[in-house]
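I opened the notebook to record what I looked up in one model. The entries are in the order in which I made them.

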Amino acid sequence: MNPMSRRISQGLLTGPLLAALLAVMAVACSGSDRAASPPCPDDALTCPTGASPASPGAGRSTTAGDDSRTGASAPPSPAGKPAATAGARGTTKKPSARAACASPGACGFPDTRTTGPRIPLTPHSTGALTVRTDGLVIRGWDITGSLDIYANDVTVIDTKVTSDNWWGINLRPGYRGLRVLHSTITAVPGKGPDNGGVDYAVSNMGGSSIEVGWCDVSVFGDALAMGQGNLHDNYVHDIAPFINRDGEWQHTNAVISGGGNTGQLIIRHNTLLNPTGLKQGASGSIGLFADTGVVRNVVVDHNWLAGGAYALYGGDKGATGIKVTGNIFSTQYHPASGGYGAVAHWNAGGAGNVWRDNRMSDGRPVRPEPSP
């Protein structure tokens, strides 16, 4: 297989459904300097300086089942789970990319200690649950099943989703405002519908931005899949490779965007690990692919990237407005971060494209080769 090529096989998710799925994505605030800033409110899209630790409430605080509950104030963090914080309008002091870094957590990047639910959870065996209530807040649930959202402004917070479906959480076309915060999204290897595999932890098929923040994400082949949104402070790890329904190794990415987006995609302050072997479908830690249209308006800022055929696929020819700054390309899986290199398909001459201050985890600068 040519490692520079990208093939997406999604089994049942083909045709218009696949095009819609890969055409959208997520937005919000990052936070690594936890001592210097106040806690980020549970329902905040951005985290202003001086924000109160108490949340003003996140819409209708009802659950997706028969019972209802409130949850307007921020719950205390359990031991070993410090509350996430952020600075003015979602900006924080970022770990320097100039020094050598031994591990994500040691260098201020997200890991299991800073992501996932902060409160005790109640088991709910929902199966493939369809959500149709605008403003719904799902909080404190340990879900065995998946969420398929046909509603606006739904918030999933302090929750765990263990799925055996195509996705963990999916926003359908025509809907907006999904937020997935402080949650764990995982799956059961070998139990998914794609020949035993599972494809998307959080997918955005809608036409507007969503937010995914402080989440612990694992197993899914294309973990965070969208064209626009705000992905921040997440820990994506332990992607499980699988042979799809077409009998081929499914390509895997910690974050994937298929291009053609009309909004902005922000990928900021995440730990994105793709340990998939090169002969088992490894693609990228971040895959910006022009599968459904031109890639544009993407911020890749201060992330820890490791693994894939290339750690970053940069959008290819025609890509514009791609800003890649302050990222650390880790050597934990491959000497060059990805199996074939750190970055591929970078359009150096594209309008608004910026490559600045990106380093290997040992401190060496990363300079991309131009797109062929």
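The entries below go from the whole chain to the sheet, then to charged pairs and one loop residue.

**Entry 1, the whole chain.** I noted first that this is a predicted model. I looked up the secondary structure and found 1 helix and 26 strands in the protein. I then checked burial: of the 372 residues, 59% count as buried. For the surface, I read an exposed area of about 13,300 Å². Carbon and sulfur atoms supply 53% of that area. I also looked at how the contacts spread along the sequence. Among contacts with a separation of 6 or more, 70% are between residues 24 or more positions apart.

**Entry 2, the sheet.** In which order do the strands of the 9-stranded open sheet lie? I traced the order as β2-β4-β7-β10-β13-β16-β19-β22-β25, and the pairing is parallel. At the edges I found β2 (137–139) and β25 (354–356), each of which pairs on one side only. From one strand to the next, the twist averages 5°. I kept a general reminder here that strands of a sheet pair through backbone hydrogen bonds, either parallel or antiparallel.

**Entry 3, the β2 edge.** I looked at what β2 pairs with. Its partner is β4 (residues 155–157), the two strands run parallel, and 3 bridges join them. For one position in register, I noted that Val137 stands opposite Thr155 in β4.

**Entry 4, the salt bridge of Arg118.** I counted the salt bridges in the model and got 7. I went first to Arg118, which forms one with Asp158; their closest N and O atoms are 2.7 Å apart. Why does this pair tie together separate parts of the sequence? Arg118 lies in the loop between α1 (16–21) and β1 (122–131), while Asp158 lies in the loop between β4 and β5 (160–163), so the pair links parts that are 40 residues apart in sequence. Are Arg118 and Asp158 buried or exposed? Both Arg118 and Asp158 are buried.

**Entry 5, two more pairs.** I looked up Asp357 and Arg359 next. They form a salt bridge, with the closest N and O atoms 4.0 Å apart. Asp357 has a relative accessible area of 29% and is therefore partly exposed. Arg359 is at 18% relative accessibility, so Arg359 counts as buried; the cut-off for buried is under 20%. I then took Asp362 and Arg364, a salt bridge whose closest N and O atoms are 2.8 Å apart. Asp362 is partly exposed, at a relative accessible area of 41%. Arg364 is also partly exposed, with 43%. I then looked for salt bridges that share partners, and noted that such bridges join Arg118, Arg139 and Asp158 into one network.

**Entry 6, Thr331.** Where does Thr331 sit? I placed Thr331 in the loop between β23 (328–329) and β24 (341–344). Its relative accessibility is 30%, so Thr331 counts as partly exposed. Leaving out residues up to four places away in sequence, I found that Thr331 touches Met360, Ser361 and Arg364. Arg364 is the residue I had already recorded in a salt bridge with Asp362. I also checked one distance across the loop region: the C-alpha atoms of Thr331 and Ala342 are separated by 9.5 Å, and these residues are 11 apart along the chain.

Conventions. Residues numbered from 1 in each chain as written. Predicted model: local features only at pLDDT ≥ 70, side-chain atom pairs only at ≥ 80, totals over all residues. Heavy atoms only, no water. Pairing = 2+ DSSP bridges. Axes fitted to C-alpha atoms, helices over the stretch in contact; angles between N-to-C directions. Buried < 20%, exposed > 50% of the residue type's maximum accessible area, 1.4 Å probe, protein only. Contact = heavy atoms within 4.5 Å. Areas by Shrake-Rupley, 256 points an atom, 1.4 Å probe, with all protein chains shown as cover. Salt bridge = Lys/Arg side-chain N within 4 Å of Asp/Glu carboxyl O.
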